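This report goes through some strands, a sulfur bridge and one charged residue of a protein chain. Please keep the sequence and the structure in view while reading.

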Amino acid sequence: VQLQASGGGLVQAGDSLRLSCAVSGGTLRSYGVGWFRQAPGKEREFVAATKQYSSETTHGDSVKDRFTISRDNAKNTVYLSMNNLKPEDTAVYFCAGTLTRYAGVWYYSDSSRYNYWGQGTLVTVSS
């Protein structure tokens, strides 16, 4: 399976942006998908995740109430809607997938649980 992240760009603080993660070579409904980000000089950070065969989602504390993950299984695409962007949201955003089903959606916040990774898309937020 391949994951292709897209939709990044340069925006101003307070703007909105929607990232897409297109899944090919597999059926999206079978995959748990997470978004992670990594800023220069910082460790990779969990952003949001959606569990397979479920409507359950989870979001990182730093993006709760601003970012929303969603999936469209018919389009084999997972989205990350980002509102009220801040300069500290600047990072490369990666989507990742796993076929393993975990009991709780919180398990999907752990990047080590993912087997498939996309190439990343850069989001830059200017102040």
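## The disulfide

Cys21 and Cys95 are joined by a disulfide, with an S to S distance of 2.2 Å. The structure, which is a predicted model, holds one disulfide. Its two cysteines lie in distant parts of the chain: Cys21 belongs to strand S3 and Cys95 to strand S9, 74 residues apart. The torsion about the S-S bond of Cys21 and Cys95 is about 75°, so the disulfide is right-handed. Are these two cysteines buried or exposed? Both Cys21 and Cys95 are buried.

## The sheet that holds S3

Strand S3 is part of an open sheet of four strands, in the order S1-S3-S8-S7, with antiparallel pairing. At the edges stand strand S1 (2-6) and strand S7 (67-72); each has a single partner strand, so one side of each is left without a neighbour in the sheet. On average, neighbouring strands of this sheet are turned by 15° against each other, direction ignored. Within the sheet, strand S3 (residues 17-24) runs antiparallel to strand S8 (residues 77-82), and six bridges join them. In this pairing, Ser20 stands opposite Tyr79 in S8.

## Strand S11 and its partners

Strands of a sheet pair through backbone hydrogen bonds, either parallel or antiparallel. Strand S11 shows both senses, as the table sets out.

| Partner of S11 | Sense | Bridges | A residue pair |
|---|---|---|---|
| S2 (residues 9-12) | parallel | four | Leu10 opposite Thr124 |
| S9 (residues 91-98) | antiparallel | three | Ala91 with Val123 |

In a regular strand the side chains alternate between the two faces of the sheet. Strand S11 (residues 121-126) follows this pattern. Thr121, Val123 and Val125 point to one face and are buried. Leu122, Thr124 and Ser126 point to the other face and are not buried.

## Arg37

Arg37 is found in strand S4 (residues 32-38). Why does Arg37 count as buried? The relative accessibility of Arg37 is 5%, and buried means under 20%, so Arg37 falls below the cut-off.

Which side chains make polar contacts with that of Arg37? The side chain of Ser62 does so at 3.3 Å, and the side chain of Asp89 at 2.9 Å. Not counting residues up to four places away in sequence, Arg37 also touches other residues, among them Glu43, Arg44, Phe67, Glu88 and Tyr93. Ala91, which has Val123 in S11 as its bridge partner, is one of the residues that Arg37 touches.

Terms used: Residues numbered from 1 in each chain as written. Predicted model: local features only at pLDDT ≥ 70, side-chain atom pairs only at ≥ 80, totals over all residues. Heavy atoms only, no water. Buried < 20%, exposed > 50% of the residue type's maximum accessible area, 1.4 Å probe, protein only. Pairing = 2+ DSSP bridges. Axes fitted to C-alpha atoms, helices over the stretch in contact; angles between N-to-C directions. Disulfide = S-S within 2.5 Å. Polar contact = N/O pair within 3.5 Å; in protein donor to acceptor, adjacent residues only side chain to side chain. Contact = heavy atoms within 4.5 Å.
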